[in-house]
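User: I am new to this structure and would like a close look at one part of it, the main nonpolar core and the helices around it. Please then place that part in the rest of the chain.

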Amino acid sequence: MGPGTNPRSGRVNSGAGRGGTAPTPITRPRQPRPVAMAAGPAPPGGRSREQMPHLSKMERMVVSMQDPDQGVNMRSQRLLITVVPHAVTGNDIMEWLIHKYCISEEEALHLGTLLLRHGYLYPLQDPGSLVLRPDETLYRFQTPYFWMSTLWPAAELDYAIYLAKKNIRKHGALGDHEKEHHGQLHRRINHMWDLVVMQAREQLRAAKQRRKGDRLVIACQERTYWLVNRPPPGVPNVLEQGPERGSCTARRVLMNADFYKREIECCRRAMGRTRVKSSVSLEAYLKFSNQHRPHDPIMSGCLPSNPWITDDVTYWVMNAPRVAEPTQLRVQRWAFSFQELLEDPVGRAHFMDFLRKEFSAENLSFWEACEELRHGGQAQVPALVDAVYQQFLAPGAARWVNIDSQTMERTLEGLRQPHRYVLDAAQLHIYMLMKKDSYPRFLKSDMYKALLAEAVIPPETKRRVFPFMWKPRRSSPSPAVLPASASGERAAAPGGPGGGPGEA
């Protein structure tokens, strides 16, 4: 593989693989950090990350693709007047994937695009497009030092050096999102911006001393790395895995004596663990069924009519997400659970009115803002995180919410690298506070009782949908054992709604 510039440490490192050149490294004025590869330990000053299963599979695939005997055919390719060593074409990658894994062309194209989007391949002709093209487009394999499993996350200082170098080389012609990041980093690390500019100029000076092919390879490597770690707005972020990144390691389990001892101890603890009695589980199941049966359209019918078998849509209109007057069954469901109340827009609006009277409406507003952040667009995540923090969590915020110090510390630590799940701990704290304090008082309040009394009760249906619902309720626990009076009534009225055909 070709050489590359390390964007995370601000220095030039030689590439690993076949045909790589080894230019003279340029280090910072401070003590330099040694270059490390993905197969070895992480460089000092960085945080090593255990490989997630899908990354480990991709990297094993990339290693097999570079096998000298059975891998993809790599050869020197001419790009205009520049000769690039160890390049492959999109057709070669597609053919190798189809032959190796016995998959279709569509699956091979999708798999190759995944390798590009995760930074294991990079294009030479259009560095900004991380999509595999099944033609003669040239690609190269990324240096293992830039693989996603080596270090995470990418440092802000290294990104600042990359943007400053690109800004100097292009005389300020950066993309819109790059200009925004450049300005933010300039304000955030203004105290060491002289070091950033010095490193950028030093790397540009070293690049002029290399061959043109090496300069092209290094530029494509850097651009692909930052496209993966700092994607433009609207581009999915492959690094986003939730609040806690996957820490499971795909490693082999040694089936030795220690392994079986651990298995025996685990089974012994499992056998001694307290179990829930079946009677308790059945009782809870019956309670849940009895509670939700009146609200089930199949078991209890639809009021005022069944829209599935008729043209009357009154049922949908009365149970729309936002109505002026909710039905009585809908208001009753708010008392089932706090989550049931929050999932109903009408119930949440009335709960907000109740919280305003108690001067705690900021709790629900904060919960709604966190939900908007979690389900919003990726491009708006940094702006939404900052807006929520300034409105609810910052010292002296206009709508400050009360969370404990431990949760606040975790939240502030996560704000250094904002993502859509960074406020989950604070949101859960406020959710539990409303569930245990405000929600019970809402159910006991005069407001909820008035809503329940004034709720709409649809008229009774004239015709039941299912014949088994026509039968009258029996007091006997067994349908086969009927009281004598009931048997006499059925014999006297064979044509009634609960009976069958009479005896001849």
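Analyst: The largest nonpolar core has 41 residues, and those that touch the most other members are Phe338, Phe351, Leu364, Phe366, Leu393 and Met434. The model described here is a predicted one. Two or more residues of this core come from each of α13 (338-343), α14, α15, α16, α18 (424-444) and α19 (446-454). Among these elements α15 gives the most, with seven residues.

One residue of the core can be followed in detail. Not counting residues up to four places away in sequence, phenylalanine 366 touches Val388, Phe392, Leu393, Val401, Ala426, Gln427 and Ile430. Leu393, one of these partners, is itself listed with Phe366 among the core residues that touch the most other members.

How are the two helices α15 and α16 arranged? Two packed helices are described by the angle between their axes and the distance between the axes. For α15 and helix α16 (residues 381-393), the angle is about 170° and the axes are 10 Å apart. Because angles over 145 degrees count as roughly antiparallel, α15 is roughly antiparallel to α16. On the α15 side, the contact is made by Glu362, Ser365, Phe366, Ala369, Glu372 and Leu373. On the α16 side, the residues are Val381, Leu384, Val385, Val388, Phe392 and Leu393. By type, the residues of this contact are nine nonpolar, one polar and two charged.

The loop that precedes α15 has a backbone detail of its own. Phenylalanine 359 sits in the loop between α14 (345-357) and α15 (361-375). Its phi is near 60°, a positive value in a residue other than glycine. Most residues other than glycine have a negative phi, and most peptide bonds are trans. Is phenylalanine 359 buried or exposed? Since its relative accessibility is 73% and the cut-off for exposed is over 50%, phenylalanine 359 counts as exposed.

Another backbone detail lies in the loop between α10 (297-300) and α11 (314-318), where proline 304 is found. The peptide bond from leucine 303 to proline 304 is cis, with omega near 5°.

Next comes the sheet. Strands of a sheet pair through backbone hydrogen bonds, either parallel or antiparallel. Here four strands form an open sheet in the order β3-β4-β6-β5, with antiparallel pairing. β3 and β5 are the edge strands, each pairing on one side only. From one strand to the next, the twist averages 55°.

At one edge, strand β3 (residues 75-79) pairs with strand β4 (residues 82-89) over four bridges in the antiparallel sense. One bridge joins arginine 78 to valine 83 in β4. The two strands make a hairpin with two residues between them, and leucine 80 in the turn has a positive phi of about 60°. Strand β4 also contains histidine 86, a residue other than glycine whose phi is positive, near 55°.

β4 in turn pairs with β6 over two bridges, again in the antiparallel sense. The bridge partner of valine 88 in β6 is tyrosine 139. Strand β5 (residues 121-123) pairs with β6 over three antiparallel bridges. Proline 123 has tyrosine 139 as its bridge partner in β6, and tyrosine 122 is bridged to arginine 140. Tyrosine 139 is thus a partner of valine 88 and of proline 123.

In a regular strand the side chains alternate between the two faces of the sheet. In strand β6 (residues 138-141), Leu138 and Arg140 point one way, Tyr139 and Phe141 point the other way, and all are buried.

For the chain as a whole, the secondary structure comes to 20 helices and six strands. Of the 504 residues in the protein chain, 39% are buried. Among contacts with a separation of 6 or more, 62% are between residues 24 or more positions apart.

Technical notes. Residues numbered from 1 in each chain as written. Predicted model: local features only at pLDDT ≥ 70, side-chain atom pairs only at ≥ 80, totals over all residues. Heavy atoms only, no water. Pairing = 2+ DSSP bridges. Buried < 20%, exposed > 50% of the residue type's maximum accessible area, 1.4 Å probe, protein only. Axes fitted to C-alpha atoms, helices over the stretch in contact; angles between N-to-C directions. Parallel < 35°, antiparallel > 145°, perpendicular 65-115°, else oblique. Contact = heavy atoms within 4.5 Å. Nonpolar A, V, L, I, M, F, W, Y, C, P; charged D, E, K, R; others polar. Core = buried A, V, L, I, M, F, W, Y, C linked by side-chain atoms within 4.5 Å.
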